[in-house]
Amino acid sequence: MPAPSSLAAWKSLQQRRRTHLPRSLRERFAADPGRAARMQASACGITLDYSKNLLDDDELVLLLRLADEADLASRIRAMFGGERINTTEVRAVLHVALRCPPGAHWPVGDLDVAAEVHAVRARMRTFCLQVRGGDWRGHGGERITDVVNIGIGGSDLGPAMVCEALADHAGDGPRVHFVSNVDGVHIGDVTRRCDPRSTLFVVASKTFTTQETLANAHAARAWLVGALGDEAAVARHFVAVSTNAAAVRDFGIDTANMFGFWDWVGGRFSLWSAIGLPIALALGPDRFDELLAGAHAMDEHFRTAPPAANLPVLMALLAIWNVNFLDAASQLVAPYHQRLHRLPAYLQQLDMESNGKSVRRDGTPVDCRTSPILWGEQGINGQHAYFQLVHQGTQLVPVDFIGVLDPGREDEALHRIAFANLVAQAEALMRGKTAAEAEAEMRAAGVPEERIAALLPHRVFSGDRPSNVVLLERLDPFTLGALVAAYEHRTFVQGVIWDVNSFDQWGVELGKQLAARVLAELDPHAAAPSADAHDASTRGLIERYRARPR
Ligand SMILES: O=P(O)(O)OC[C@H]1O[C@H](O)[C@H](O)[C@@H](O)[C@@H]1O
């Protein structure tokens, strides 16, 4: 594929950006009563209102043409068809097959991928029902009350985010905890809250070689065996989720207690696989199936809806416009729902590990900006922290406001306050406040004339700061599944336009290699690193640790 910037539509977008002097968004809304209704797309209980972006129909047409010139349709077909689109690892990318409905077939070559998926899902269902029903018990016969997922990255963020988001749907399932940090504090905090007799550990690692996860799993095993005084207890208190049966066996977990998945599931796309086991344990297998059904519905929408009405495609093209033509270096995600407070962290891995790349698929350097820095947390807190920068700072920060219409079981009056803030923030960023408005406001408030002049520059808001509103009918498993799948496909489409491989992550390797070496050097009984082994700063840090008081 030619470099994105050499595509005709890219050049037209650049040209338009240079020569077209658009009116303010306020004026555009005023002049075009159909704007809001037209600039919307809906699917699977989710509505995207993108009318507060700094673009008009002409740019949108060009962006859709860009997707066409980048051959998006055939790239989508290649992914769903099981082609090895992860070329550097020579792997297919089939997380979409993980959510295919019961009875479906997913032929890839001679294999029906769906048959394997459904076989694992059936085992997960049986196991979850046993644990939740009290048929699977601890070594001493106690019912399982706590599940501790030990994993990191894709083996942590997705299940942790979903378990929090859907906590209201957990019924009487076990409490689920997540341990990812290897600092000793994380596992210590969790084990102090659990009773070893009734705790089940899920060791989740695609590779089963990840240092942090294995170290925490060993610590957990030592805690359990120490407390219960019997190695045999491991069999009832540890299960594994992995693609690496040999390593699971080496760790000492019977592979009968292992739930497998496949190399065609990327870590950050794996919550739909057996990596979702803590979700199914916490919420029950029926709710897990609903989550998968929502994601599948979004897959179907993505695969079949015309690009102009295709939610993930539109989300991706809007991001491309902001990043590559309006120079936005970051993307803020602001969910206005406490249960979605881990969503930005989850999306950080999805987006930045996928598209934080500077070479194209053929290895040549990219000539445009790729993944923006995705950041954020629950929106209300953000308003009282960093929204100042979003309103009046020097950078353009596009925002995804995520709102939920149904208050669920919570107080509607409180829910309404949060929702009002979402609407108001999006409006404020778009409208801004002119000097005349700020002046009139101060005069009405009785601010003395000489103060008005001094304060005016501080009290003007430029407006024209773009945002999407992503509105969920309700926060339930189906809609959450659809939302996450929409973001997955958005990430994929952006990668297609930028022509990067969104499915590898070589960038995390170097740090891991060096960490192994540094770990050995921190041992005060080992020889100190030689003078030329590191730069002076790195050597100084190692020496400082070795020399710390003990
Ligand atoms: O599931 P694991 O093999 O333990 O990998 C856990 C995580 O570690 C890596 O460093 C990768 O960057 C992530 O993509 C992955 O999700």
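Here are three short exercises on this predicted model, each with a worked solution. Numbering starts from 1 along each chain as its sequence is written. Local features need pLDDT of at least 70, side-chain atom pairs count only at pLDDT 80 or more, and totals for chains, interfaces and linings use all residues.

**Exercise 1.** Work out which residues come nearest to the ligand and how the shell splits by class.

*Solution.* Start with the 14 residues around the ligand (C-beta, placed from the backbone, within 6 Å). G153, G154, S205, T210 and G267 come nearest. Next, sort the shell: 2 nonpolar, 9 polar and 3 charged. Here Asp, Glu, Lys and Arg are charged, Ala, Val, Leu, Ile, Met, Phe, Trp, Tyr, Cys and Pro nonpolar, and the others, Gly among them, polar.

**Exercise 2.** Place the largest nonpolar core relative to the domains.

*Solution.* A core joins buried Ala, Val, Leu, Ile, Met, Phe, Trp, Tyr and Cys residues through C-beta atoms within 7 Å; buried means 20 or more other C-beta atoms within 10 Å. This one has 144 residues, with V202 and A482 touching the most other members. Helix α21 (residues 477-498; a DSSP run of H or I, at least four residues) gives the most, 13 residues. Domain 1 (40-69 + 304-430 + 464-496) and domain 2 (96-288), bounds from an automatic or database assignment, both contribute, so the core lies between them.

**Exercise 3.** Check the length of helix α22 (residues 509-522) and how well it's covered.

*Solution.* Take 1.5 Å times one less than the number of residues. For 14 residues that should span 20 Å, and the end C-alpha atoms are 20 Å apart, which agrees. As for cover, there's hardly any: the count of buried residues in α22 is 1.

Definitions and conventions:
Buried ≥ 20, exposed ≤ 12 C-beta atoms within 10 Å, placed from the backbone. Helix = DSSP H or I, 4+ residues; strand = E, 2+ residues; numbered from the N terminus.
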